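Trainee: I'd like to learn how to read a new structure. Could you walk me through a few features?

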Amino acid sequence: MNDSSQMETTCASSPPGSVKEPVKSRRFGLAFWLTFAISMATWMVLSGLFDVFHLTLGVIGCAIVADLNARAMWPDVKLGHTLRQWRRFVAYVPWLLWQVWLANLHLLRLTFHPRMMQLINPRIVSFKSRIHNQMGMFILANSITLTPGTVTVFASVMGRFTVHAIDDASARALPGEMEDRVAKIFED
Amino acid sequence: MLDILVTLLLILGLVFFLGGSIGILRYPDFYSRLHPAGKLDSLGLLLTMSAMALYTVGQWNLGAVLAAVKIMLIVVFVFITSPTATHAIVDAGVRAGMRPWTRSKEGSEHDLAA
Amino acid sequence: MDIVFLSAAVFLALVMALTLYRAIAGPTVLDRMIGVNAIGSKTTAMLVLIGLIYHKVDMFVDIAIAYACLNFIAVLAASRYFQKKKGLYDEPQEE
């Protein structure tokens, strides 16, 4: 858990003396090759043509795109660290899909219920999250929105989430297990 | 066998789509209408798209497999962008100062402007 | 299988027509935007269904990808635009 050091590099309001100098990444470093591999895979799936001409076009285009965007996408990338995070994220997705399925059934029952107006009780709840990582907050906010019953209204940089919940059961489930699991993805 | 599975998935997805539409019509205010719009539609899209990808991949040639991969790419894209679009609409509503509908007309416990 | 996809497409069109009511009659601009967004996400599924009906999935899938991107960008742009406008409250019933 190095949330405090993460905060110093990501939060704009920290005093200037404490900001660490960002690591100067090389032009054709790891970030470049990761971006290149992802965009090349997308190119091959979308074009569907595997002759020499189209592959050459793909290599040229993806090299230009990767050179322009790599350092913006991955400001500091370390191979083992990033791979570990991706692996944990991939392990998180099936659990998220299962939660989405369960909660969608709940919302579907609410929608088709004849006395729906008595069952729902919309309200705004807010809670303080311990995730300060930008990507983690993005994933948590999107997961909350995807899980029905709750829509993220506002997420501040300091980790304060404001959530609109449709009924009592969904409001009570916050932040709950989801925050723990997202925090586990980014825990080192 | 594959046809039965595809049909079942398709019907299930269409039920979720129908739920999304009915929800958009029935819920009382703007904030609660976002719940069915953003999410029942996402799951409906996931189910219908996987049904169609399954049917496409059943033909077993390179073009069909590529088309199935593209269909699943659409699903991944929608699952990333749909919450973001929902959040953009909510944000516009909050900044315009729209009050959420509550059952006990006393207002919400936390002020939105905080 | 064609009859299954055809009836699914017809049902989807009916569902979209239901959503159209909210896009036309919604009390605020944002309600209309929700309706349009819901129609857009259903259109993505509809395009692939049309591709299956005409046996040209590989062509229609590309159109569906482009449509999904466009739908997302349109919603983002519209909500950013109406944020700065005063048209979000109940519209006055003139004319």
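Mentor: Sure, we'll go through a helix, a surface patch and the cores. Keep in mind that this is a predicted model.

Trainee: Let's start with α3 of chain C. How many residues does this helix have, and how far does it reach?

Mentor: Helix α3 of chain C runs over residues 57–83, which makes 27 residues. From first C-alpha to last it reaches 39 Å, close to the 39 Å expected at 1.5 Å a residue.

Trainee: Which residues of α3(C) are buried?

Mentor: Start with the general idea: an α-helix has 3.6 residues a turn, so residues three or four places apart point the same way. Here the buried ones include C:V57, C:F60, C:V61, C:A64, C:I65 and C:A68. Their cover includes α2 of chain A, α2 and α3 of chain B, and α2 of chain C.

Trainee: Now the surface. Which residues form the nonpolar patch?

Mentor: A:W43, A:M44, A:F50, A:F53, A:L57 and B:L62 form it, with about 570 Å² of accessible area together. Two elements, α2 and α3 of chain A, each give two or more residues to this patch.

Trainee: Where does A:F50 lie, and why does A:F50 count as partly exposed?

Mentor: A:F50 sits in the loop between α2 and α3 of chain A. Partly exposed covers the range between 20% and 50%, so A:F50, at 41% relative accessibility, counts as partly exposed.

Trainee: And inside? Which residues touch the most other members of the largest nonpolar core?

Mentor: Of its 72 residues, those are A:Y92, A:I144, A:F161, B:M49 and C:F5. The element giving the most is α2(B), with 10 residues. A second, separate core has 18 residues, among them A:V153 and C:M33.

Technical notes:
Residues numbered from 1 in each chain as written. Chains lettered and ligands numbered in written order. Predicted model: local features only at pLDDT ≥ 70, side-chain atom pairs only at ≥ 80, totals over all residues. Heavy atoms only, no water. Helix = DSSP H or I, 4+ residues; strand = E, 2+ residues; numbered from the N terminus. Expected span 1.5 Å × (residues − 1). Buried < 20%, exposed > 50% of the residue type's maximum accessible area, 1.4 Å probe, protein only. Contact = heavy atoms within 4.5 Å. Patch = residues over 30% accessible without salt bridge, like charges linked within 9 Å, V, L, I, M, F, W, Y side chains within 5 Å. Areas by Shrake-Rupley, 256 points an atom, 1.4 Å probe, with all protein chains shown as cover. Salt bridge = Lys/Arg side-chain N within 4 Å of Asp/Glu carboxyl O. Core = buried A, V, L, I, M, F, W, Y, C linked by side-chain atoms within 4.5 Å.
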